[in-house]
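Trainee: Could you take me through one part of this model in detail, and then show how that part sits within the rest of the chain?

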Amino acid sequence: PTKPDVARAKALLAEAGYPDGFEVPMRCPNDRYVNDEEICQAAVAMWARIGVRAKLTTQPMAQFTPALQAF
C-alpha cells in the first residue's frame, strides 16, 4: 500500500480553504459488524493527523438505522 502523505494532505486542505482543518460529525453503529466501532475510531484517528476533527457518535444498529434514514 501507498504510504500516507500527511504533509500533502494538509497542503490540500489549506488549498481548499481549510488551513486549520475542520470538524465533521461521524456516526457509526457499534453492534452490527465485527469491530465496527473500532474501525470508526481508527478512521477518526487517521483524519485527526491532517486536521479533520471527526466528532464520533456510536450507537446500536436499532437506533443508528432510523437516524440514518431520517437524515
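Mentor: What follows begins with one acidic residue and then widens to the elements around that residue and to the whole chain. The model is a predicted one, and the residue I would look at closely is D36, which lies in helix α2, a helix covering residues 36-48. D36 is buried and yet takes part in no salt bridge; the nearest side chain of opposite charge belongs to R32, and that side chain is 7.4 Å away, whereas a salt bridge would need the charged atoms within 4 Å of each other. Leaving aside residues up to four places away in sequence, the residues that D36 touches are P29, N30 and D31.

One of these contacts, P29, leads to the strands, since strand β1 spans residues 22-29. Strand β1 runs parallel to strand β2, residues 52-59, and 8 bridges join the two; within this pairing, C28 has T58 of β2 as its bridge partner. Helix α2 belongs with both strands, in that β1, α2 and β2 together form a right-handed β-α-β unit.

Turning to the chain as a whole, its 3 helices and 2 strands follow the order α-β-α-β-α from the N terminus. The radius of gyration is 15 Å, against a value near 11 Å for a compact globule of 71 residues, and the C-alpha atoms fill a box of roughly 40 × 30 × 15 Å along the principal axes. Buried residues make up 20% of the 71 in the chain, and, among contacts with a separation of 6 or more, 70% come from residues 24 or more positions apart.

Methods:
Residues numbered from 1 in each chain as written. Predicted model: local features only at pLDDT ≥ 70, side-chain atom pairs only at ≥ 80, totals over all residues. Heavy atoms only, no water. Helix = DSSP H or I, 4+ residues; strand = E, 2+ residues; numbered from the N terminus. Buried < 20%, exposed > 50% of the residue type's maximum accessible area, 1.4 Å probe, protein only. Lys, Arg positive; Asp, Glu negative; His and termini not counted. Contact = heavy atoms within 4.5 Å. Pairing = 2+ DSSP bridges. Right-handed = clockwise from strand over helix to strand, strands pointing away. Rg over C-alpha atoms; globule rule 2.2 N^0.38 Å.
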